[in-house]
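This briefing is addressed to readers who wish to examine selected features of a structural model. The sequence and coordinates are shown below.

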Amino acid sequence: MDIHQIREDFPILSREVYGKPLVYLDNAATTQKPRQVIETITEAYYSVNANVHRGVHFLSQEATRLHENSRETARRFLNAREAREVIFTRGTTEAINLVASSYTDACMEPGDEVILSEMEHHSNIVPWQLMAARNGIAIKVVPVNDRGELILEEYEKLFSDRTRLVSLAHVSNVLGTINPVKEIIATAHAHGVPVMLDGAQSAPHLRIDVQDLDVDFYAFSGHKVYGPTGVGVLYGKEEWLDRLPPYQGGGEMIQTVSFEKTTFNELPYKFEAGTPDYIGTTALATALEYVESVGIEAVAAWEHELTRYATERLLAIDGLRIYGESAHKSGVISFLVGDIHPADMGTILDKLGIAVRTGHHCAQPLMDRFGIPGTVRASFGMYNTKEEIQVLAAGIERVVNMFG
């Protein structure tokens, strides 16, 4: 990887904040966008902006071609079997809500169970709580050990004859833990239970092969993988998507409509009501192609080295403790120092030009598990450097000195 060239592709990285060079370490929240993605958005609006699928005129046909080519790009990125197994959504949150709603309606009865974990993002908790309130389903929770790893022995004990789905994070957005999802999926399938993976934190950092994983549903967000906001992907095995009812009604997802009866469109359009974000999907394809051009294995190796280096450097700071000590981690380090409030740490680091995330990171049950209100989180992308980690460490030390 040519880090210098990569950074040249991201114009925002050259700006200053409060007179300091920007050090952007909030990639788990959203990644910056390469100029190729930005130019795709601009060019699409300038040259091919027209509603897709139903128009017979040239611009509509061209926009449709780009939109459907983007679906094929996403299929390749995930190694899905068929493009019709790729559903465009607004992001991981909408994808999980889609599965929670449609799967519960089609496949669950009051008293049936879904298995989650203590490390889930709120987006993989609240939708299931809504289904519990609406449909009477039950939620079971896999506990997390002190290192921030799922306790797999307890996971296996949660299965019963009422278990209908497992829905877990592939990678924790707080701990950086890479869960052993292949083993988790195999265990669930041995019980005849399908698995949904929240891939928001794995798609930007790991090679994803949904066929090799044998996962039933997998979701990720474009804006976390160097693409635009407001667009994402839900992968689902065709046999499951065929069984599930539509999540929303409207245009595009229908075949015929009368006031007596509506028949639904074929996959994937059954789940894509209304005008899609065809500009966003086109830019998402550019982002995925950019990642592929760099090489996801090279990205993973570089981010692993950054995480190793940052862990070593930060643990040298007196009083600093890291939450999430799994041997299998993605590029996330959540930490606290002494009794310094994470918001105070983050605010002062910001004045030094260092962008980190503070708070509960939409994972309040996990914070409760560790008995803390929140953490400071530094998260890495392909364009981050060891020099930036040195700036982060120096900034933390400066805050520590300020607080005595």
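The points that follow concern one sheet, one helix pair and two loop residues.

The model is predicted. Its features are taken up by topic: an open sheet of four strands, the packing of α12 against α14, and the surroundings of F10 and K237.

**The four-stranded sheet**

- Four strands form an open sheet in the order β13-β14-β17-β16, and their pairing is antiparallel.
- The edges are occupied by β13 (320-323) and β16 (357-359); each has a single partner strand, so one side of each is left without a neighbour in the sheet.
- From one strand to the next, the twist averages 30°.
- Strand β17 spans residues 375-379 and pairs with β16 in the antiparallel sense over three bridges.
- G359 has T375, in β17, as its bridge partner.

**Packing of α12 against α14**

- Two packed helices are described by the angle between their axes and the distance between the axes.
- Helix α12 covers residues 342-351 and helix α14 covers residues 386-402; they pack at an angle of about 120°, and their axes are 10 Å apart.
- Angles of 65 to 115 degrees count as roughly perpendicular and those over 145 as roughly antiparallel, so α12 is oblique to α14.
- The crossing in which α12 passes α14 is right-handed.
- On the α12 side, M345, I348 and L349 take part in the contact, and they meet L392, G395, I396, V399 and M402 of α14.
- Classified by residue type, the contact of α12 with α14 comprises seven nonpolar residues, one polar residue and no charged residues.
- The polar residue is G395, because Gly is counted in the polar class.

**F10**

- F10 lies in the loop between α1 (3-8) and β1 (16-17).
- The relative accessible area of F10 is 1%, and F10 is therefore buried, the cut-off being under 20%.
- Although F10 and K33 are 23 residues apart along the chain, their C-alpha atoms are separated by 6.1 Å.
- With neighbours within four places in sequence left aside, F10 is in contact with Q32, K33 and P34, and also with the tyrosines Y226, Y290 and Y383.

**K237**

- K237 is placed in the loop between β10 (232-236) and α9 (238-243).
- K237 has a relative accessibility of 13% and therefore counts as buried.
- Beyond its neighbours within four places in sequence, K237 is in contact with E85, H189, D214, V215 and D216.

How values were computed
Residues are numbered from 1 along each chain as its sequence is written. This is a predicted model: local features need pLDDT of at least 70, side-chain atom pairs count only at pLDDT 80 or more; totals for chains, interfaces and linings use all residues. Side-chain values use heavy atoms; hydrogens and water are left out. Two strands pair if DSSP finds at least two bridges between them. Helices (H or I, at least four residues) and strands (E, at least two) are DSSP runs, numbered from the N terminus. Axes are lines fitted to C-alpha atoms, for helices over the stretch in contact, and angles run from 0 to 180 degrees between N-to-C directions. Angles under 35 degrees count as roughly parallel, over 145 as roughly antiparallel, 65 to 115 as roughly perpendicular and the rest as oblique. A crossing is left-handed if the near helix is turned anticlockwise from the far one by less than a right angle, and right-handed if clockwise. Contact means heavy atoms within 4.5 Å. Buried means under 20% relative accessible area, exposed over 50%, partly exposed in between (1.4 Å probe, protein chains only).
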